[in-house]
Structure formats: structure tokens, C-alpha cells
Amino acid sequence: MTEKRGELGISYVTIDGIEGHLARVELPDGTTEDWQLASLPKGVREGDVIRIDVQGGDVEMEIDHQETDRRHALGQRQLDQLNAQAPEGDLDL
């Protein structure tokens, strides 16, 4: 993971789930990996988007609250559209 980061620049990953000391992280290509929770910013939660900035070998990670909110709103709009077309009741994810 460290070698790849040296060439990334800025990228975003999404926290797909947290279990124990591990976080299942969705990478930009849609694949997932399990990362140590301790390697992520404190207070990270499921659904958070993490901004990773790699410059000159230094790695900075932070929870991107604005991008997290944007993606949550987009997901809610998509769910609302599906529910509007559902013949019986709302869909739950």
C-alpha cells in the first residue's frame, strides 16, 4: 500500500464498514481492502469519505466532510427516485 501511495497525489476512499480494529475501505477503482482502523483519521465512521494527499512521500489523511455530505445527499436522491417508482412501499438499503 505504501509504495502505491508514493505515486497517487490526491485520491479519495470511502469507508464501507468498520468491524473491530479493521475498516473495509472502497478504493477509487471500486475494489475494497481492509485497513487498520488506527491508520485512519480519528473519529472516522461508516460512509465517510477520506481525502488522501501524497506529496513527496508524505501522506496526509483527513475526513472530507463536504464530500461525505455530497455523496450521502446523492445516495438519498437516488433512493428517493427508486422509492417513487416502487409499486409497493419504500425500498430500504
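Start with the whole protein chain: of its 93 residues, 28% count as buried. Keep in mind that this is a predicted model. The exposed surface comes to about 6900 Å², and carbon and sulfur atoms supply 46% of it.

**Whole chain**

Colour by secondary structure. Two helices and five strands appear. Read from the N terminus, the order is α-β-β-β-β-β-α. Now turn on contacts between residues at least 6 apart in sequence: 36% of these join residues at least 24 apart.

**The sheet**

Select the five strands. They form an open sheet, ordered 3-2-1-4-5, with antiparallel pairing. Strand 3 and strand 5 (58-63) are the edges, and each pairs on one side only. Look along the sheet for its twist, which averages 35° from one strand to the next. As you switch on side chains, recall that in a regular strand they alternate between the two faces of the sheet.

**Strands 2 and 3**

Zoom to residues 22-26, which make up strand 2. Five bridges pair strand 2 with strand 3 in the antiparallel sense. Pick arginine 24 next. Which residue in strand 3 is its bridge partner? That partner is aspartate 34.

**Strands 4 and 5**

Move to the other edge strand, strand 5. Strand 4 and strand 5 run antiparallel, joined by six bridges. Select arginine 51; opposite stands glutamate 62 in strand 5. Then follow the chain into the turn. Strand 4 and strand 5 form a hairpin, with two residues between them. Click glycine 56 in that turn: its phi is positive, about 60°.

**Helix 2**

Show residues 65-85 as a cartoon. This is helix 2, and it lies across strand 1 (10-19), strand 4 and strand 5. Helix 2 runs at about 140° to strand 4.

**Arginine 45**

Last stop: the loop between strand 3 (32-36) and strand 4 (49-55), where arginine 45 is found. Is arginine 45 buried or exposed? Arginine 45 is exposed, because its relative accessible area is 57% and exposed means over 50%. Display its contacts, leaving out residues up to four places away in sequence: arginine 45 touches Ile15 and Ile18. Finally, draw a distance from arginine 45 to isoleucine 63. The two are 18 residues apart in sequence, and their C-alpha atoms are 9.3 Å apart in space.

How values were computed:
Residues are numbered from 1 along each chain as its sequence is written. This is a predicted model: local features need pLDDT of at least 70, side-chain atom pairs count only at pLDDT 80 or more; totals for chains, interfaces and linings use all residues. Side-chain values use heavy atoms; hydrogens and water are left out. Helices (H or I, at least four residues) and strands (E, at least two) are DSSP runs, numbered from the N terminus. Buried means under 20% relative accessible area, exposed over 50%, partly exposed in between (1.4 Å probe, protein chains only). Contact means heavy atoms within 4.5 Å. Accessible areas come from the Shrake-Rupley method with a 1.4 Å probe; for residues, only the protein chains shown count as cover. Two strands pair if DSSP finds at least two bridges between them. Axes are lines fitted to C-alpha atoms, for helices over the stretch in contact, and angles run from 0 to 180 degrees between N-to-C directions.
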